[in-house]
Amino acid sequence: MSIMSNAKRALAVVAATATLFSMAACGSSNADSSAKSDSSSAAASSGKIEVVASINQWGSVAKDLGGSNVEVTNIMTKTNVEAHDYEPTSQDVAKFGTAKVAVVNGADYDPWATKAAQSTKATLVTAAETAGIKEGDNPHVWFSAKVRSNTADAITAAYQKADPSHKDDYAKLNKDWHAKEDQLESKIKGTSSKTENLPYAATESVAWYLADDLKMTDATPKGYAQASANESEPTPADIKDFQDTLKAGSIKMLVFNSQEANSTTDQITGAAKDANVPIVELTEQMPKQYTNLLDWMSALVDQFAAAVK
């Protein structure tokens, strides 16, 4: 698991807090009222619910569940920066100040967004909390079927609270969304007939929830896995152990987060290729070719299925 250092997380939260304080201090000035974004003004004038999501995968769910009744702004939309490492701008923080609904990931994945949203009047939906996932747990919760489903229901409830006149619309959109999630979960169940108990290893535990839904067994060598979880570099002995385990043939699939490629992962993927171990390559953030979280997850399930020998 790649997680931003405690120091960088603290700095991001401090930056968000400082920006909010600065905004509040001049809240009664003319400058403050002119600082509202065009999208915020458009949402207000059209009667739409203004929604801000910290990451685009949750923003896509928020859009699907709100349809034409919402205006969704995603803070993070690119795969070359992780939410762990993201440092919000004053403009990013200001977007939370005008939102009626804020959707964040939680589990200390995007603490800057959580802090910004908690300091506003927006109804806050925290994805991790919908399934009891806490700080210190694996934060990549969009890979979990349970979290996706629970978060969708929490977003719908927030919309119905903010805009009760369209309550039935949101209920219908929620039903439609769940029908698509059910199709995805049926695909996961079907694929698990091939992947159940399959030992896999990962350069990071990014897709752990999806692998767990596929009933796979995490066989990542202990030393390497612990180093990753502790935000430290694996030792040469850890790397060699990983390479030897791949060579021995006990690992049947390697999951590789290409968003965090480095010299260490080059050694691991190289060993997998030499041992003819199939590699499932993915990213932590939703790639630009997808505008829908469920479509992305469906494509990843297909990748896992295709990698089974």
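Okay, let's start in the middle of things: strand E1, residues 49–55, is joined to E2 by 6 bridges, and the two strands run parallel. Before I go on, keep in mind that this is a predicted model.

If you want to find that pairing on the screen, look at Glu50, which stands opposite Glu71 in E2. Then go along to Ile55, whose bridge partner in E2 is Met76. Between the two strands you have helix H4, residues 56–66, and together E1, H4 and E2 make a right-handed β-α-β unit.

E1 has another partner too. It is joined to E3 by 3 bridges, again running parallel, and there you can see Val51 standing opposite Val101 in E3.

So how many residues of E1 are buried? It's 7 of the 7, so E1 is largely enclosed by the rest of the structure. Strand E2, residues 70–76, has 5 of its 7 residues buried, so that strand is largely enclosed as well.

Now follow E3 to where it ends. Strand E3 covers 101–104, helix H6 covers 111–118, and Asp110 is found in the loop between them. Is Asp110 buried or exposed? Buried: its relative accessible area is 1%. And which side chain does Asp110 make a polar contact with? That would be Ser54, side chain to side chain, at 2.6 Å. Ser54 takes us back to E1, which spans residues 49–55.

Next stop, helix H8, residues 167–195, where I'd like you to find His178. His178 counts as buried, because its relative accessibility is 15% and the cut-off for buried is under 20%. Apart from neighbours within four places in sequence, His178 is in contact with Ser149, Ala152 and Asp153. There's also a long-range pair here: His178 and Leu65 are 113 residues apart in sequence, but their C-alpha atoms are 9.8 Å apart in space. Leu65, by the way, belongs to H4, residues 56–66.

Moving on to the other sheet I wanted to show. This one is open, with 4 strands in the order E6-E5-E7-E8 and parallel pairing. Strand E6 (217–218) and strand E8 (279–282) stand at the edges, each with a single partner strand, so each has one side left without a neighbour in the sheet. Further in, E5 pairs with strand E7, residues 253–257, over 3 bridges in the parallel sense. Your landmark there is Tyr200, opposite Met253 in E7.

E5 turns up again when we look at helix H10. The buried residues of H10, which runs over residues 222–229, are Tyr224, Ala227 and Ser228. Why do they line one face of the helix? Because, seen down the axis of H10, they fall within an arc of 100°. The general rule behind this is that an α-helix has 3.6 residues a turn, so residues three or four places apart point the same way. As for what covers those buried residues, the list includes strand E5 (199–202), helix H11 (236–248) and helix H12 (263–274). And after H10 comes Glu231, with a positive phi, near 60°.

Last, the overall numbers. The protein chain has 13 helices and 8 strands, and 49% of its 309 residues count as buried. Take the contacts with a separation of 6 or more: 65% of them are between residues 24 or more positions apart. The chain exposes about 14200 Å², with carbon and sulfur atoms supplying 49% of that.

How values were computed: Residues numbered from 1 in each chain as written. Predicted model: local features only at pLDDT ≥ 70, side-chain atom pairs only at ≥ 80, totals over all residues. Heavy atoms only, no water. Buried < 20%, exposed > 50% of the residue type's maximum accessible area, 1.4 Å probe, protein only. Polar contact = N/O pair within 3.5 Å; in protein donor to acceptor, adjacent residues only side chain to side chain. Arc of directions from axis to C-beta. Contact = heavy atoms within 4.5 Å. Areas by Shrake-Rupley, 256 points an atom, 1.4 Å probe, with all protein chains shown as cover. Pairing = 2+ DSSP bridges. Right-handed = clockwise from strand over helix to strand, strands pointing away.
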